[in-house]
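Here's a quick tour of some side-chain contacts, one helix pair and one surface patch. Have the sequence and the model open as you read.

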Amino acid sequence: MAQAKINAKANEGRFCRSSSMADRSSRLLESLDQLELRVEALREAATAVEQEKEILLEMIHSIQNSQDMRQISDGEREELNLTANRLMGRTLTVEVSVETIRNPQQQESLKHATRIIDEVVSKFLDDLGNARSHLMSLYSACSSEVPPGPVDQKFQSIVIGCALEDQKKIKRRLETLLRNIENSDKAIKLLEHSKGAGSKTLQQNAEGKFN
């Protein structure tokens with residue numbers, strides 16, 4: 001009888017220790033779950049800052065190369081460029097880096113996708129129209145919506161092999177490139193229109209002199 005009581009007491013002690021360890025483990029797991037949420041929030045906030053930096057630099061560059069900037073006096077343009085360069089310099093002092101964890105296959109897919117985009121960009125000056133069409137097909141490959149035009153199926157399969165964060169960055173880069181092409185195209189058309197209007201005025205003046 002005495003031995004049975006001793007065994008029961010020992011078993012009770014083991015049960016208490018086991019229950020206590022389970023409670024600690026549960027509390028630690030809960031703490032780690034909460035920390036994981038904060039880690040992801042930190043990464044999202046840093047990514048947002050990264051994107052804001054890209055947008056600001058693009059906007060400053062766009063102003064410097066705008067048609068309005070070409071139509072003001074040299075002195076005003078110089079002063080505005082000094083301000084734009086100062087803002088660009090201050091923007092570049094913000095360093096944010098969010099590293100993406102990739103396996104070897106994802107790393108290779110990212111390199112492949114980047115190489116394809118770089119090749120299209122290198123042909124901008126040779127054929128802007130064709131470059132735009134090619135970029136649109138690459139962008140459509142990254143879109144979850146029904147694209148308005150053709151989709152580059154090969155590029156789509158490559159992007160799918162990239163890490164999710166890289167997929168978002170690739171899509172963002174293509175959006176920026178397409179905006180830059182659109183702005184360049186507008187600037188060229190405005191310049192051509194300006195030249196055409198100037199030529200017409202000269203022609204009218206010349207005709208007036210002879211009449």
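D118 and R173 form a salt bridge, with their closest N and O atoms 2.7 Å apart. D118 sits in helix α4 and R173 in helix α7, so this contact ties together parts that are 55 residues apart in sequence. Keep in mind that you're looking at a predicted model. A search of the whole structure turns up six salt bridges, and a few of them are picked out below.

**The D118–R173 pair**
- D118 has a relative accessible area of 35%, so it goes down as partly exposed.
- Its partner R173 comes in at 30%, which also makes R173 partly exposed.

**A link between α1 and α7**
- E165 pairs up with R43 in a salt bridge whose closest N and O atoms are 2.8 Å apart.
- This pair links distant parts of the chain: E165 belongs to helix α7 (residues 164-210) and R43 to helix α1, with the two positions 122 residues apart.
- E165 is partly exposed, because its relative accessibility is 31% and the partly exposed class runs between 20% and 50%.
- R43 is partly exposed as well, with a relative accessible area of 23%.

**A local bridge in α3**
- D74 makes a salt bridge with R77, and here the closest N and O atoms are 2.3 Å apart.
- Both residues are in helix α3 (residues 74-92), and because they're three residues apart, about one helical turn separates them.
- D74 counts as exposed, because its relative accessibility is 56% and the cut-off for exposed is over 50%.
- R77, at 22% relative accessibility, counts as partly exposed.

**How α4 and α5 pack**
- Two packed helices are described by the angle between their axes and the distance between the axes.
- Helix α4 (residues 104-121) packs against helix α5 (residues 128-142) at an angle of about 160°, and their axes are 9 Å apart.
- With angles over 145 degrees counted as roughly antiparallel, α4 and α5 are therefore roughly antiparallel to each other.
- The α4/α5 crossing is left-handed.

**A nonpolar patch on the surface**
- I55, L56 and M59 together make a nonpolar surface patch of about 260 Å².
- I55 is part of helix α1 (residues 2-64).
- At 40% relative accessibility, I55 is classed as partly exposed.

How values were computed: Residues numbered from 1 in each chain as written. Predicted model: local features only at pLDDT ≥ 70, side-chain atom pairs only at ≥ 80, totals over all residues. Heavy atoms only, no water. Patch = residues over 30% accessible without salt bridge, like charges linked within 9 Å, V, L, I, M, F, W, Y side chains within 5 Å. Areas by Shrake-Rupley, 256 points an atom, 1.4 Å probe, with all protein chains shown as cover. Salt bridge = Lys/Arg side-chain N within 4 Å of Asp/Glu carboxyl O. Helix = DSSP H or I, 4+ residues; strand = E, 2+ residues; numbered from the N terminus. Buried < 20%, exposed > 50% of the residue type's maximum accessible area, 1.4 Å probe, protein only. Axes fitted to C-alpha atoms, helices over the stretch in contact; angles between N-to-C directions. Parallel < 35°, antiparallel > 145°, perpendicular 65-115°, else oblique. Left-handed = near helix turned anticlockwise from the far one by under 90°.
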